[in-house]
Amino acid sequence: MMLTQKQRDLLAYINAQVNDTDVPPSFDEMKEALGLKSKSGIHRLINGLVERGYLERLPNRARALHIKRLPDGLRGGDVVPMPVMPNIGRAADIFATPVSGVQPIPLYGRIAAGTPIEAIRHEGAYFDAPMNMLGNGDYYALQVDGQSMINAGIHDRDIVIIKRATQAHNNQIVVALVNQAEVTLKRLQKEGATVSLVPENDDFPVQTYPATAIEIQGVLAALVRQYHYASRLA
């Protein structure tokens with residue numbers, strides 16, 4: 001499973017501190033380094049790194065964090081200092097800068113491609129999208145949860161690049177907010193006063209709503225699949 005930019009930055013900081021001092025940083029040091037306002041955000045990031053197998057908690061030890069592995073591009077001997085920029089209130093602002101042909105765009109939570117779920121935005125999380133995938137406009141990324149769009153080539157855990165929009169044409173794949181509470185990725189079909197959200201999998205039903213219950217939040221612009229995700233589906 002891919003790391004969010006924030007998780008990668010925290011892992012790089014922990015790695016740098018361990019290489020420099022042989023001791024993992026404290027939660028306060030991590031909070032300050034990433035520009036977070038509370039330690040609860042650090043707890044969430046560490047939990048995610050533990051779940052993905054990058055960190056291990058060691059019992060009965062102070063600052064009990066052990067790096068089990070590092071992502072591609074970050075080696076065990078590297079010392080990777082966190083960027084320092086004055087007068088920046090949020091770490092998200094530090095990372096929202098195009099580098100080497102990629103454009104960081106906000107990475108939101110998992111979006112259901114099976115049944116609608118509430119979308120969660122992770123503040124400060126970014127996904128490095130190749131700039132040749134993006135045109136003019138405002139974009140964000142979502143991770144797909146489920147198999148209901150598989151016949152359109154969209155698999156579970158794929159990353160979809162979404163162009164923000166409030167209008168869409170029939171047959172476009174859209175991010176639709178349902179009843180101001182739930183969001184889903186489906187193909188759009190408008191007919192009179194109703195809107196249907198159509199899956200691309202015969203095992204899932206078409207969902208039809210009054211047009212007033214649906215708000216378009218974006219249109220599919222691109223899809224990114226990491227190899228190990230695809231290999232699980234082969």
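Which residue lies over the face of tyrosine 54? The residue is arginine 69, at 4.0 Å from the ring centre. This detail belongs to a predicted model, and the paragraphs below lead from the whole protein to its individual parts.

The protein contains five helices and eleven strands. Of its 234 residues, 43% are buried. Among contacts between residues at least 6 apart in sequence, 60% join residues at least 24 apart.

Confidence varies along the chain. The mean pLDDT of the protein is 77, and 75% of the residues reach 70 or more. Among the elements, strand β9, formed by residues 194-198, has the highest mean value, 96, whereas helix α4, formed by residues 91-95, has the lowest, 36. Over residues 76-100 the pLDDT stays under 50, and the model gives this stretch 42 contacts beyond four places in sequence. Residues 228-234 also have pLDDT below 50, with nine contacts in the model beyond near neighbours in sequence. Where pLDDT is low, the predicted coordinates should not be read in detail.

Helix α1 covers residues 5-21. Its 17 residues reach 24 Å from the first C-alpha to the last, close to the 24 Å expected at 1.5 Å a residue. The helix is mostly covered, with twelve of the 17 residues buried. Among these buried residues are Leu10, Leu11, Tyr13 and Ile14, and also the polar or charged Gln5, Lys6 and Asp9. An α-helix has 3.6 residues a turn, so residues three or four places apart point the same way. Just after α1, aspartate 22 takes a positive phi of about 70°.

Two further residues invite attention to the backbone. Most residues other than glycine have a negative phi. Arginine 157, however, has a phi near 75°; this residue lies in the loop between β5 and β6 and is partly exposed, at 22% relative accessibility. Asparagine 171 likewise has a positive phi, of about 80°. Asparagine 171 is found in the loop between β6 and β7, and at 44% relative accessibility it counts as partly exposed.

Strand β6 also holds isoleucine 159. Is this residue buried or exposed? Isoleucine 159 counts as buried because its relative accessibility is 3%, under the 20% limit. The C-alpha atoms of isoleucine 159 and aspartate 145 are 9.7 Å apart in space, while the two residues are 14 apart in sequence.

The next subject is the pairing of charged side chains. How many salt bridges does the protein have? The count comes to three. In one of them, lysine 31 pairs with glutamate 32, and the closest N and O atoms are 3.1 Å apart. The two partners differ in their surroundings: lysine 31 is buried, with a relative accessible area of 13%, whereas glutamate 32 is exposed, at 58%.

Another salt bridge joins arginine 164 to aspartate 138, with 2.8 Å between the closest N and O atoms. This pair links distant parts of the chain, 26 residues apart: arginine 164 is in the loop between β6 and β7, and aspartate 138 is in the loop between β4 and β5. Arginine 164 is partly exposed, at 34% relative accessibility, and aspartate 138 is partly exposed as well, at 43%.

A salt bridge is also formed by glutamate 200 and arginine 187, whose closest N and O atoms are 2.6 Å apart. Here too the pair links distant parts of the chain, 13 residues apart, with glutamate 200 in the loop between β9 and β10 and arginine 187 in strand β8.

Aromatic rings may be considered next. The structure holds zero aromatic pairs. The ring of tyrosine 54 nevertheless has a charged partner, arginine 69, which lies over its face.

The last stop is alanine 211, in the loop between β10 and β11. Which residues does alanine 211 contact, leaving aside its neighbours within four places in sequence? They are Ala193, Thr194 and Val195. Alanine 211 is partly exposed, with a relative accessible area of 32%. From C-alpha to C-alpha, alanine 211 and valine 178 are 9.8 Å apart in space, and they stand 33 residues apart in sequence.

Methods:
Residues are numbered from 1 along each chain as its sequence is written. Side-chain values use heavy atoms; hydrogens and water are left out. Helices (H or I, at least four residues) and strands (E, at least two) are DSSP runs, numbered from the N terminus. The expected span of a helix is 1.5 Å times one less than its number of residues. Buried means under 20% relative accessible area, exposed over 50%, partly exposed in between (1.4 Å probe, protein chains only). pLDDT is the predictor's confidence in each residue, from 0 to 100. Contact means heavy atoms within 4.5 Å. A salt bridge is a side-chain nitrogen of Lys or Arg within 4 Å of a carboxyl oxygen of Asp or Glu. Rings of Phe, Tyr and Trp (its six-membered ring) pair if their centres lie within 6.5 Å; planes under 30 degrees apart count as stacked, over 60 as edge-to-face and the rest as tilted. A charge sits over a ring if NZ of Lys or CZ of Arg is within 6 Å of the ring centre and within 35 degrees of the ring normal.
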